[in-house]
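Please open the model in your viewer and keep the sequence panel at hand. We will go from stop to stop, selecting a few residues each time.

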Amino acid sequence: MGKASLPFPSLVVPLVLLLLPLSRSASVVTHLPGFHGRLPFHLETGYVGVDEETGAELFYYFVESERSPETDPLILWMTGGPFCSGMIFFEVGPMKFVLAPYNGSLPQLTYNPYSWSKTASIILLDSPVGTGFSYARDVKGYHDIGDFSFSMHVVIFLNKWFTDHPHYQSNPFFVGGSSYAGKMSPIIAQHISQGLCSRQPCYRLRL
């Protein structure tokens with residue numbers, strides 16, 4: 001059997017990466033409401049601009065590996081829906097809610113001892129635009145949200161994120177997700193394998 005290919009030209013990814021620089025911002029978070037004390041892991045959150053015309057920005061959580069971040073794998077993890085947030089409180093993340101009857105107070109958080117961050121660094125991404133804290137300044141940014149724009153925005157995000165975090169470019173890199181993101185992950189991986197590493201930065205995608 002021949003290899004199946006998506007109906008997207010292989011030139012799309014290199015051309016997308018020629019876009020003018022978009023805004024990027026990041027902050028290190030050491031405390032969270034509902035959790036007592038300092039977080040027992042390194043957490044960075046921030047925005048990366050992915051569409052200059054609409055001002056679209058994707059929000060991310062980055063949890064550094066608690067073992068050996070210099071050599072451990074880096075995972076881009078997306079949640080399904082689409083439009084479900086990649087919050088650190090669910091699935092593979094390092095935090096979880098304390099299950100208790102609601103009494104009107106702030107929900108309490110506890111550390112997840114089974115988090116994937118025990119052995120890998122994780123980027124939890126709010127994608128597509130309109131998911132979680134991700135947004136567009138122009139309402140047009142919410143109109144054209146399909147699999148193609150979804151995947152292209154993630155590719156732009158990754159290129160800019162790795163530019164800002166060059167020390168992770170040599171780590172084994174995986175793309176994954178649950179539910180609908182399981183459909184998007186191979187599309188994003190194909191875009192990367194088709195041409196992302198023809199430009200800098202280049203990183204070690206594992207399939």
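## A guided tour

Start by selecting S179, which sits in the loop between β8 (172-177) and α3 (181-195). Look at the backbone here: S179 has a positive phi of about 55° although it is not a glycine. Most residues other than glycine have a negative phi, and most peptide bonds are trans. S179 counts as exposed because its relative accessible area is 63%, above the 50% cut-off.

**Confidence colouring**

Before going further, colour by pLDDT, as this is a predicted model. The chain averages a pLDDT of 82, and 83% of the residues score at least 70. Among the elements of the chain, β3 has the highest mean pLDDT, at 96, and helix α1 (residues 12-16) the lowest, at 33. Now select residues 1-22: pLDDT stays under 50 throughout this stretch, although the model gives it 35 contacts beyond four places in sequence. Where pLDDT is low, the predicted coordinates should not be read in detail.

**The β2-β3 hairpin**

Next, select strand β2 (residues 43-51), where 7 of the 9 residues are buried. Add strand β3 (residues 56-63): the two strands run antiparallel and are joined by 8 bridges. There are 4 residues between the strands of this hairpin, and G55 takes a positive phi near 70°.

Show side chains and find Y47, which stands opposite F59 in β3.

**Aromatic rings**

How many aromatic pairs does the count come to? The total is 13. Y47 and F59 form one that is edge-to-face, with 5.1 Å centre to centre and 65° between the planes. This pair links distant parts of the chain, with Y47 in strand β2 and F59 in strand β3, 12 residues apart. Is F59 buried or exposed? F59 counts as buried because its relative accessibility is 9%.

For a second pair, select F89 and F97, whose rings are tilted: 5.1 Å centre to centre, with 40° between the planes. F89 is buried, at a relative accessible area of 15%, while F97 counts as partly exposed at 33% relative accessibility.

Then go back to Y47 and F59 and add Y61, F133 and Y135; these five residues form one aromatic cluster.

**D126 and the cis bond**

F133 leads to the next stop. Select D126, found in strand β7 (residues 121-126). D126 counts as buried, since its relative accessibility is 0%. The side chain of D126 reaches the backbone nitrogen of F133 at 3.0 Å. To try a distance tool, pick the C-alpha atoms of D126 and L58: they are 6.2 Å apart in space, and the two residues are 68 apart in sequence.

Now step along the chain to the peptide bond from S127 to P128, which is cis, with omega near 10°. P128 belongs to the loop between β7 and α2.

**Last stop: S151**

Finally, select S151 in helix α2 (residues 147-164). S151 is buried, with a relative accessible area of 0%. Within its surroundings, look for the backbone oxygen of F148, which lies 2.8 Å from a polar atom of the S151 side chain. Which residues does S151 touch, not counting those up to four places away in sequence? Show M184, I187, I188 and H191 to see these contacts of S151.

Definitions and conventions. Residues numbered from 1 in each chain as written. Predicted model: local features only at pLDDT ≥ 70, side-chain atom pairs only at ≥ 80, totals over all residues. Heavy atoms only, no water. Buried < 20%, exposed > 50% of the residue type's maximum accessible area, 1.4 Å probe, protein only. Pairing = 2+ DSSP bridges. pLDDT = per-residue confidence, 0-100. Contact = heavy atoms within 4.5 Å. Phe/Tyr/Trp six-rings, centres within 6.5 Å; stacked < 30°, edge-to-face > 60°. Polar contact = N/O pair within 3.5 Å; in protein donor to acceptor, adjacent residues only side chain to side chain.
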